[in-house]
Amino acid sequence: MAVCIAVIAKENYPLYIRSIPTENELKFHYTVHTSLDVVEEKISAVGKALVDQRELYLGLLYPTEDYKVYPTAN
């Protein structure tokens with residue numbers, strides 16, 4: 001079950017963040033921004049290997065004690 005959804009701009013910043021338990025909204029904002037750092041690191045590492053960016057699978061980005069963060073691209 002998803003508890004937070006974030007839409008990220010092409011420039012790697014959040015355009016929209018929506019979380020279901022609103023009492024932990026700041027915690028989810030922090031998790032989204034931390035996950036963006038992980039995405040940036042993985043993309044820069046793969047970019048050096050000359051791999052097609054469309055075939056990039058990032059997998060699990062950022063596990064916490066309560067949640068797991070996964071990316072999806074459209």
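These legends walk through a few views of a predicted model.

**View 1. The whole chain: one helix and four strands.** Welcome to the fold as a whole, which comprises 1 helix and 4 strands. Following the sequence from its start, you meet these elements in the order β-β-α-β-β. Among contacts with a separation of 6 or more, 28% link residues 24 or more positions apart.

**View 2. Inside and outside.** Here the question is how much of the protein is buried. The protein has 74 residues, and 24% of them count as buried. On the outside, the protein exposes about 6,000 Å². Carbon and sulfur atoms supply 56% of that exposed area.

**View 3. The largest nonpolar core.** Look here for 6 residues that make up the largest nonpolar core of the model. Three of the names are valines, Val38, Val39 and Val69, and they are joined by Leu58, Leu61 and Tyr62.

**View 4. The surroundings of Tyr62.** Staying with a member of that core, Tyr62, this view shows what it touches beyond four places away in sequence. Tyr62 meets Tyr30, Thr31, Thr34 and Ser35, and also Tyr67, Lys68 and Val69. Val69 belongs to the largest nonpolar core as well.

**View 5. A nonpolar patch on the surface.** Which residues form this patch? They are Val7, Tyr13, Leu15 and Tyr16, with about 410 Å² of accessible area together. Tyr16 sits in strand β2, which covers residues 14-19. Tyr16 counts as partly exposed because its relative accessibility is 45%, a value between the 20% and 50% cut-offs.

Terms used:
Residues are numbered from 1 along each chain as its sequence is written. This is a predicted model: local features need pLDDT of at least 70, side-chain atom pairs count only at pLDDT 80 or more; totals for chains, interfaces and linings use all residues. Side-chain values use heavy atoms; hydrogens and water are left out. A nonpolar core is a set of buried Ala, Val, Leu, Ile, Met, Phe, Trp, Tyr and Cys residues joined through side-chain atoms within 4.5 Å. Buried means under 20% relative accessible area, exposed over 50%, partly exposed in between (1.4 Å probe, protein chains only). Contact means heavy atoms within 4.5 Å. Helices (H or I, at least four residues) and strands (E, at least two) are DSSP runs, numbered from the N terminus. Accessible areas come from the Shrake-Rupley method with a 1.4 Å probe; for residues, only the protein chains shown count as cover. Patches are made of residues with over 30% relative accessible area and no salt bridge: like charges are joined within 9 Å, nonpolar side chains (Val, Leu, Ile, Met, Phe, Trp, Tyr) within 5 Å. A salt bridge is a side-chain nitrogen of Lys or Arg within 4 Å of a carboxyl oxygen of Asp or Glu.
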